[in-house]
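Take a look at the model below before you read on. We'll walk through its rings, its main pocket and a handful of single residues.

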Amino acid sequence: MDLMLRLISRWLVQCSPETCERLARQLGFVLFRVFRIRHRLMVRNLGIAFPDKTVQERKALAQESLSQFLMTVFEFLRASAIDPVPGVEVEGAENLTGALAHGQGAYILCFHLGNWEVMGATMTRLIAPSYVVVKKVGFSSLDRFVSRVRETIGFLTVKRQKRGDGFKRIVEILDQGEVVGFVMDQARPGEPKLPFFNHPAKTNTSFAAIYQKKPAPVIPGYIIRKSFERHRLVFCPPVVLQTTEDPKQDVINHSILFNKVVEDAVKQAPQCYFWMHNRWK
């Protein structure tokens, strides 16, 4: 697997950005329309999120979303040889730098919109060391390949190896005045179903629980693809989190608010969102 990915990576490096984008769209068409990869799930998800769209509109949006994901894969495979950061325009950087000025570090509320790998690398290279809480990617050889490319581009990670070590590392990063990113939009077993696009969706509440133990400014951040290897990275003003005397309810309320932040960003560029994940199980 590692050798195959290296070979594909070298071949893609030889292609122009225009060729890579065209190939991603052609492959997206074949996978969605012919092989029907995640076809039913994506169309259903889009029906929940955008009930006013016709079935044909949802199918077109789903196909584009799959093509956009393939562009992310191609960009990642090229990243070890072609620096992705110069192709990123940053908007609202003052929201993050202003939050960091308080000396508490900062959380980035992030999600699977656009090329999240380039987002992490850009934050580290242009603003401050930024770490993203991640889990193992597939099988061991794929995980090693992904980790190697991430190291090359400056995508810093916090890997949870055993219970409690992830939180300890997060505290260290924040105490150093740096950034921790939490990906908010993946379902986890045993988590509550909270509103997302007005429907109950399994919601990862661990971010809200960690925030409760270690408060720091929460900055929503997302990246939107303009074209192949050209992106717009946006940092929003800090999320205002109200606390009460009921910590358990605070975790739920904050997680609901985080879902709303994700929802509002996705509405701006639904074609860039990862609709293949089953949030509404």
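Helices (H or I, at least four residues) and strands (E, at least two) are DSSP runs, numbered from the N terminus. Keep in mind that this is a predicted model, where local features need pLDDT of at least 70 and side-chain atom pairs count only at pLDDT 80 or more, while totals for chains, interfaces and linings use all residues. Residues are numbered from 1 along each chain as its sequence is written, and side-chain values use heavy atoms, with hydrogens and water left out.

**Two residues with positive phi**

Let's start with Phe197, which sits in the loop between β6 (193-196) and β7 (199-202). Its phi is near 55 degrees, a positive value in a residue other than glycine. Phe197 has a relative accessible area of 3%, so it is buried (buried means under 20% relative accessible area, exposed over 50%, partly exposed in between, with a 1.4 Å probe and protein chains only). Arg36 also has a phi near 55 degrees, again a positive value in a residue other than glycine. You'll find Arg36 in the loop between α2 and α3 (39-49).

**Rings and charges**

How many aromatic pairs does the structure hold? There are 15 of them. Rings of Phe, Tyr and Trp (its six-membered ring) pair if their centres lie within 6.5 Å; planes under 30 degrees apart count as stacked, over 60 as edge-to-face and the rest as tilted. Take Phe207 and Phe258: their ring centres are 4.8 Å apart and their planes are at 20 degrees, so this pair is stacked. The pair links distant parts of the chain, with Phe207 in helix α9 (residues 206-213) and Phe258 in helix α10 (residues 247-268), 51 residues apart. Both partners are tucked away: Phe207 is buried at a relative accessible area of 1%, and Phe258 is buried at 0%.

Phe197 turns up again here, since Phe50, Phe196, Phe197, Tyr273, Trp275 and Trp280 form one aromatic cluster. One member of that cluster, Phe196, has the charged end of Arg279 over its ring, 4.5 Å from the ring centre. In the same way of speaking, the charged end of Arg169 sits over the ring of Tyr131, 5.1 Å from its centre. A charge sits over a ring if NZ of Lys or CZ of Arg is within 6 Å of the ring centre and within 35 degrees of the ring normal.

**The largest pocket**

Rolling a probe the size of a water molecule over the atoms shows where empty space is left. On a 1 Å grid over the protein atoms alone, a pocket is an open set of points where a 1.4 Å probe fits, with protein on both sides within 12 Å along at least five of seven lines; lining residues have an atom within 4 Å of a point. The largest pocket holds about 1,400 Å³ of space, where grid points are joined across faces, edges and corners, and a volume is the space filled by probe spheres set on the points. It is lined by 46 residues, and the closest to its centre are Phe69, His112, Trp116, Val137 and Arg150.

Which element gives the most to this lining? That's α4, with eight residues. By class, the lining has 32 nonpolar, seven polar and seven charged residues (Ala, Val, Leu, Ile, Met, Phe, Trp, Tyr, Cys and Pro count as nonpolar, Asp, Glu, Lys and Arg as charged, and the others, Gly among them, as polar).

**A few residues up close**

Helix α4 (residues 55-78) is home to Gln68, and Lys59 lies in helix α4 too. Is Gln68 buried or exposed? At 7% relative accessibility, Gln68 counts as buried, whereas Lys59, at 22%, counts as partly exposed. Contact means heavy atoms within 4.5 Å. Leaving aside neighbours within four places in sequence, Gln68 is in contact with Arg25, Arg225, Gln271 and Cys272. With residues up to four places away not counted, Lys59 touches Phe32, Arg33, His39 and Val43.

Over in helix α9 there is Ala208, buried with a relative accessible area of 1%. Not counting residues up to four places away in sequence, Ala208 touches Val251, His254, Ser255 and Phe258. Glu245 lies in the loop between β9 (230-235) and α10, and it is exposed, with a relative accessible area of 83%.

Here is how some residues are spaced, C-alpha to C-alpha:

| Residues | Apart in sequence | Apart in space |
|---|---|---|
| Lys59 and Pro17 | 42 residues | 26 Å |
| Ala208 and Glu89 | 119 residues | 29 Å |
| Glu245 and Ile37 | 208 residues | 47 Å |
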